[in-house]
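The following exercises concern a single protein chain and are to be worked with the sequence and the coordinates at hand. Each task is followed by a solution in steps.

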Amino acid sequence: MPLTDSILETEIRQQPAVIAQLLEDKTFVGVAAAIRAADPRYVLIAARGTSDNAARYAQYLFGIHLGLPVALAAPSISTLYGKPLNYRDTVVIGISQSGSGPDILQVVSDAAAQGALTLAITNNPDSPLATTAAHHLALGAGPELSVAATKTYTAQLTTLAILTAHLAGNSDMLAQLDGLPALVDAALGSGVDIAARAERYRFMEYCVMLGRGYNYATAFEIALKLKELSYVVAEPYSTADFRHGPKAMIEANFPVVAIVPSGAIYEDTVGLLRELIDRDADLTVISDGTEALDLAAVPVRLPTGVPEWLSPIVTAVPGQFLALMVARAKGRSLDKPRSLTKVTQTR
């Protein structure tokens with residue numbers, strides 16, 4: 001049952017179907033074969049905004065499962081300074097919902113001109129980016145009408161996950177992907193719990209988002225959603241970086257949102273949460289682990305059985321609901337945040 005009458009919530013709830021459709025796409029086999037044939041030593045990803053957060057996820061996917069170093073492009077090097085990089089032995093990926101950003105297009109064009117293998121991931125197969133790159137993976141999310149990206153974001157993550165599984169030639173990973181739509185559907189249930197507690201965030205002006213490993217991307221994405229929908233100053237950190245200075249900000253009632261799925265990061269993150277509790281932080285915890293949830297003022301339970309490498313696709317959902325409900329509690333526009341447009345052109 002919908003919690004709001006927003007297009008944004010409608011698109012959040014479309015995500016299981018979008019992901020299920022992506023899992024049926026046969027294009028991944030050919031793209032993976034082309035990348036393997038090129039035998040790159042490096043990956044460079046050009047993206048902006050939400051798509052840049054998807055690129056952060058790819059850093060961990062490609063690094064852990066493929067052994068490939070992944071760099072995030074600085075498009076200004078090409079567009080403002082006119083100094084294209086040397087893309088030898090590199091596969092260059094442009095990620096963009098619209099596929100029309102001039103800066104992302106420039107990076108991919110420069111790489112293609114040098115003979116590098118190029119790949120576009122977009123929601124528009126007819127876009128300049130899609131037609132410039134040698135290969136294209138379509139998100140197939142359908143029109144996304146709300147300004148804040150939701151279903152295109154998880155579609156980007158899913159696309160990267162499917163591509164990784166094919167590149168790794170790992171049948172276990174491919175089998176785990178089959179269960180993803182059901183896990184995301186289960187995560188939609190978090191909206192009810194978050195809505196019931198949303199009033200406590202009505203006067204929140206700032207907060208910290210914590211994630212590590214695969215969910216470093218999630219910390220950035222939830223922070224972005226909070227900023228653009230509720231205008232809260234939300235600062236994302238790796239739990240490791242947070243210990244290197246920013247932890248000093250924490251005092252009584254300071255809002256902290258932590259993404260703590262089961263996996264390699266769990267015990268270390270729970271240890272940090274205990275430190276924050278000692279400083280009377282106000283914790284919202286998104287987790288499937290009882291120990292982590294028991295520390296929270298607002299526990300948000302994830303479905304069980306989520307493989308850590310796929311967890312950002314699932315943890316994004318309660319993060320989206322959190323941003324939606326905080327914005328509603330503050331009386332913000334849910335579909336048309338101030339000063340923003342759906343397609344942002346930067347150079």
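**Exercise 1. Backbone angles in two loops**

In which loop is Asp280 found? Determine also what is notable about its phi angle, and treat Tyr231 in the same way.

Solution. The model is a predicted one. Asp280 belongs to the loop that connects H14 with strand E9 (282-287). Its phi is positive, about 65 degrees, although Asp280 is not a glycine. As background, most residues other than glycine have a negative phi. Tyr231 also has a positive phi, near 70 degrees. This residue sits in the loop between H12 and strand E7 (233-238). With a relative accessible area of 22%, Tyr231 is classed as partly exposed, because buried requires a value under 20%.

**Exercise 2. A salt bridge within one helix**

Locate the salt bridge between Glu221 and Lys225 and state whether its two residues are buried or exposed.

Solution. The side chains of Glu221 and Lys225 meet at 2.7 Å, N to O. Both residues are part of helix H12 (residues 216-230), where a spacing of four residues corresponds to about one turn of the helix. As for accessibility, Glu221 and Lys225 are both buried. This pair belongs to a structure that holds 11 salt bridges.

**Exercise 3. A salt bridge between helices**

Which parts of the chain does the pair Asp268 and Arg243 link?

Solution. Begin with the distance: the salt bridge between the side chains of Asp268 and Arg243 spans 3.1 Å, N to O. Asp268 lies in helix H14 (residues 266-278) and Arg243 in helix H13 (residues 239-243), so that distant parts of the chain, 25 residues apart, are linked. Next, consider exposure: Asp268 has 31% relative accessibility and is partly exposed, and Arg243, at 30%, is partly exposed as well. Finally, extend the view to a network of salt bridges, which joins Arg212, Arg243 and Asp268.

**Exercise 4. The packing of H12 and H16**

How do H12 and H16 pack, and which residues make the contact?

Solution. The helix axes are 9 Å apart and form an angle of about 20 degrees. H12 is therefore roughly parallel to H16, since angles under 35 degrees fall in that class. The crossing is right-handed. On the H12 side, the contact is made by Thr218, Ile222, Lys225, Leu226, Leu229 and Ser230. The residues contributed by H16 include Pro312, Gly319, Leu322 and Val326.

**Exercise 5. The nonpolar cores**

How many residues has the largest nonpolar core, and which helix gives the largest share of it?

Solution. This core has 83 residues. Helix H16 (residues 311-329) supplies its largest share, 11 residues. Among the residues with the most contacts inside the core are Phe62, Ile93, Leu163 and Trp309. Phe62 itself touches Ile93 and Leu163, and its further partners include Val43, Val70 and Leu160. A second, separate core has 22 residues, among them Tyr237, Val285, Ala292 and Leu293.

**Exercise 6. The surroundings of Ala329**

Which residues are in contact with Ala329, leaving aside its neighbours within four places in sequence?

Solution. Ala329 is found in helix H16 and is buried, with a relative accessible area of 16%. Its contacts outside those neighbours are with Ala198, Glu199 and Arg202. Glu199 and Arg202 also form a salt bridge with each other, their closest N and O atoms being 3.3 Å apart. Arg202 is partly exposed, at 39%. By contrast, the C-alpha atoms of Ala329 and Asp288 are separated by 26 Å.

Conventions: Residues are numbered from 1 along each chain as its sequence is written. This is a predicted model: local features need pLDDT of at least 70, side-chain atom pairs count only at pLDDT 80 or more; totals for chains, interfaces and linings use all residues. Side-chain values use heavy atoms; hydrogens and water are left out. A salt bridge is a side-chain nitrogen of Lys or Arg within 4 Å of a carboxyl oxygen of Asp or Glu. Buried means under 20% relative accessible area, exposed over 50%, partly exposed in between (1.4 Å probe, protein chains only). A nonpolar core is a set of buried Ala, Val, Leu, Ile, Met, Phe, Trp, Tyr and Cys residues joined through side-chain atoms within 4.5 Å. Contact means heavy atoms within 4.5 Å. Axes are lines fitted to C-alpha atoms, for helices over the stretch in contact, and angles run from 0 to 180 degrees between N-to-C directions. Angles under 35 degrees count as roughly parallel, over 145 as roughly antiparallel, 65 to 115 as roughly perpendicular and the rest as oblique. A crossing is left-handed if the near helix is turned anticlockwise from the far one by less than a right angle, and right-handed if clockwise.
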